[in-house]
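Here is an informal walk through a two-chain structure for someone meeting it for the first time. Take a look at the sequence and the model before reading on.

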Amino acid sequence: MITVRGLTKRYGGTVAVDGVSFDVRPGVVTGFLGPNGSGKSTTMRLILGLDRPGAGTATVHGVPYRELTAPLRQVGALLDAKAVHGNRSARRHLTWLARAGGIPVRRVEEVLDQVGLTAAADRKVRGYSLGMFQRLGLAAALLGDPPTLLLDEPVNGLDPDGVRQVRRLLLRLAAEGRTVLVSSHQMAEMQETAEHVLVIGRGRIVADTTLAELTREHGGGRVLVRTPEPERLAAVLAGAGGEVLPGTDCRLDVGGLPAAAIGDAAAAAGITLHELTPSRGSLEDAFLDLVGVGVAA
Amino acid sequence: MTDLRDPGFAATLRSEWTKFASLRSVRVTLGLGIVLGIAATGLLGWAVLATWDEWPAEERAAFAVLDTAVVGTLVTGVLFLVLGVTTVSSEYSSRMAGLTFTATPRRERVLAAKVLVVAAATLVATVVAVAGMIALALLVFSGLDRPGPEAGRVVRVVLGIGVNAALSSVLAVSLTFVLRSAAGSVAALLGLSFGPAVAGPFLPGWWAEHGQRYLLGPAMDSLTLPSFPDSPPGLGTGAAALVVAAWLAVFLAAALATLRRRDV
């Protein structure tokens with residue numbers, strides 16, 4: 001459980017995080033979404049006690065991070081995967097971290113294996129690819145087997161196979177009852193994993209809701225229609241106030257009319273429908289809708 | 001169930017030691033400091049031997065083997081100061097400090113562990129280097145018909161220079177936590193070490209008489225080194241210990257205050 005209340009951080013004259021409040025609950029993956037520079041990383045640094053807030057509080061398991069007794073066994077964090085001394089090997093890097101956290105050093109082998117870095121564990125990390133750095137960062141976060149995880153852009157730089165592995169890992173960690181906060185600017189990635197989403201834009205939380213709710217409210221509410229008479233149906237729906245975009249293979253993408261109204265209008269005009277699918281809307285649409293409108297004001 | 005016991009300061013100390021010992025650059029700097037320090041002593045010894053026949057009688061009479069032997073500590077000292085500085089500055093240049101303070105949010109533990117690790121390594125390496133310098137000097141000057149130093153004085157010089165170097169490394173680590181920059185810290189430390197000697201002649205006479213001995217460098221020398229016949233009056237051991245402790249406390253407190261207040 002992560003609790004954030006009224007968190008504010010200024011760097012010079014710039015407000016990076018502006019009175020942010022939210023809870024991150026265990027058992028689900030919570031997506032922390034926002035464009036680059038919107039305050040995601042700063043919020044995570046504030047939760048971890050690395051930066052001092054100008055106002056507000058952040059607690060993990062009810063305690064400010066700096067006061068946790070066994071931080072690495074309570075919280076696993078991946079902030080900046082490349083923030084590693086280039087001349088150390090992955091194994092040595094994880095070893096000092098394990099020692100600092102009072103974690104048995106045998107855990108190092110387990111997490112190296114878990115993220116698939118065992119073969120490269122004795123190489124200096126300077127030569128690692130971005131994807132390998134991300135795996136090392138994930139290994140570091142998992143080292144203490146913590147009930148809470150904060151991961152800043154964990155799939156950045158991973159290949160599709162790596163992305164799929166991380167997605168499965170996140171879902172498994174949440175299913176085990178852990179609190180998982182994952183930031184991303186890649187909306188599609190969150191659509192696959194996050195159940196709850198926090199959307200941040202210019203330092204403010206603009207949405208704190210379930211993914212389903214978010215896409216329903218802000219996803220555009222369009223309906224996909226398939227018919228053997230697309231031209232005639234398009235004219236009928238346009239007449240009923242719909243906004244119709246022609247598609248391929250006798251499909252129409254209709255906005256501004258609910259699915260029921262489209263079905264009624266088609267029946268009244270004697271047009272057969274082969275498909276009538278309300279689209280949930282993509283998270284990307286919802287995100288642009290929110291951040292574009294909600295924050296500019 | 002998560003084990004929530006505090007891993008304690010011992011965990012931080014082991015962690016910092018692992019970091020320190022796992023870098024090849026650290027091992028190379030320690031080895032290089034020892035080798036170059038002994039080599040500097042050897043070079044001076046060779047110069048003395050080559051010109052010995054031309055030395056005036058009174059200079060020959062005043063020649064002290066031990067004082068000449070430890071000349072290599074200048075090289076060793078500077079290299080080990082840089083080592084202390086980079087041990088901290090590399091945390092910031094690699095941005096790894098974020099992970100260090102995530103693993104150990106208690107800033108005072110990280111400061112204390114770094115200070116202990118660097119000071120212990122500096123002490124051991126300096127003692128080895130100085131012992132090597134003296135052994136080499138005794139060998140080189142054995143034919144000069146000068147009295148060898150007493151064993152007690154040798155031990156005092158070796159340990160004194162070692163402790164001096166270790167205390168200097170405490171300064172290097174603390175100052176770098178404040179400045180976070182290798183170049184800035186090295187410049188500041190060299191200024192602290194050599195500044196008084198450079199600026200001294202331009203200051204009023206009473207400064208050299210009464211003020212200078214309270215500076216960190218001269219006070220550390222009074223505490224750890226046997227006095228040389230022509231050195232300015234220093235502090236007694238007790239007073240020197242107090243002055244050195246006060247200086248180090250100031251630097252450590254500045255480092256801790258910086259760590260607690262400033263963003264990582």
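The report below goes through each chain, the place where they meet, and the salt bridges.

## Ground rules

This is a predicted model, so local features need pLDDT of at least 70 and side-chain atom pairs count only at pLDDT 80 or more, while totals for chains, interfaces and linings use all residues. Residues are numbered from 1 along each chain as its sequence is written, chains are lettered from A and ligands numbered from 1 in the order in which they are written, and side-chain values use heavy atoms, with hydrogens and water left out.

## Chain A

Chain A mixes both kinds of element, with eleven helices and 13 strands. Helices here are DSSP runs of H or I with at least four residues, strands are runs of E with at least two, and both are numbered from the N terminus. Along the principal axes, the C-alpha trace of chain A spans about 75 × 45 × 30 Å.

Chain A has 297 residues, and 51% of them count as buried. Buried means under 20% relative accessible area, exposed means over 50%, and partly exposed is in between (1.4 Å probe, protein chains only). If you take contacts in chain A between residues at least 6 apart in sequence, 68% of them join residues at least 24 apart; a contact means heavy atoms within 4.5 Å. About 12,500 Å² of chain A is exposed, with 51% of that supplied by carbon and sulfur atoms. Such accessible areas come from the Shrake-Rupley method with a 1.4 Å probe, and for residues only the protein chains shown count as cover.

On the charge side, chain A carries 33 positive and 31 negative side chains, and the centres of the two sets lie 11 Å apart. Lys and Arg count as positive, Asp and Glu as negative, and His and the chain ends are not counted. Each charge is placed at NZ of Lys, CZ of Arg, CG of Asp or CD of Glu.

## Chain B

What does chain B have in the way of helices and strands? It has twelve helices and zero strands. Its C-alpha atoms fill a box of roughly 80 × 45 × 30 Å along the principal axes.

Of the 264 residues in chain B, 44% are buried. Among chain B contacts between residues at least 6 apart in sequence, 82% join residues at least 24 apart. The accessible surface of chain B is about 12,500 Å², and 70% of it belongs to carbon and sulfur atoms. Chain B has 19 positive and 16 negative charges, with mean positions 17 Å apart.

One residue to find is B:Val124, in helix α7 of chain B. B:Val124 is exposed, at 54% relative accessible area. Its C-alpha atom is separated by 28 Å from that of B:Pro147, 23 residues away along the chain.

## Where the chains meet

The contact involves 37 residues from chain A and 34 from chain B. Together the two chains bury about 3,000 Å², 55% of it on carbon and sulfur atoms. On the chain B side, B:Leu99, B:Thr102 and B:Asp263 lose the most area to chain A, together 17% of what that side buries. Buried area is the accessible area (1.4 Å probe) that two parts lose on being put together, summed over both.

Two salt bridges are counted between the chains. One of them pairs A:Lys9 with B:Asp263, with the closest N and O atoms 2.8 Å apart. A salt bridge is a side-chain nitrogen of Lys or Arg within 4 Å of a carboxyl oxygen of Asp or Glu.

## Salt bridges within the chains

Over all chains, the structure holds 26 salt bridges. In chain A, A:Arg204 and A:Asp18 form one at 3.0 Å, N to O. That pair links distant parts of the chain, since A:Arg204 sits in strand β9 (residues 204-210) and A:Asp18 in strand β2 (residues 14-24), 186 residues apart. A:Asp18 is partly exposed, with a relative accessible area of 27%.

In chain B, B:Asp6 and B:Arg109 meet in a salt bridge (2.8 Å, N to O). B:Asp6 lies in the segment before α1 (8-21) and B:Arg109 in helix α7 (residues 107-140), so the pair ties together parts 103 residues apart in sequence. B:Asp6 is partly exposed at 33% relative accessibility, whereas B:Arg109 is buried at 15%.

Another salt bridge in chain B joins B:Glu16 and B:Lys114, whose closest N and O atoms are 2.4 Å apart. B:Glu16 belongs to helix α1 and B:Lys114 to helix α7, 98 residues apart. Both B:Glu16 and B:Lys114 are buried. Back in chain A, salt bridges that share partners join A:Asp145, A:Arg172, A:Glu176 and A:Arg178 into one network.
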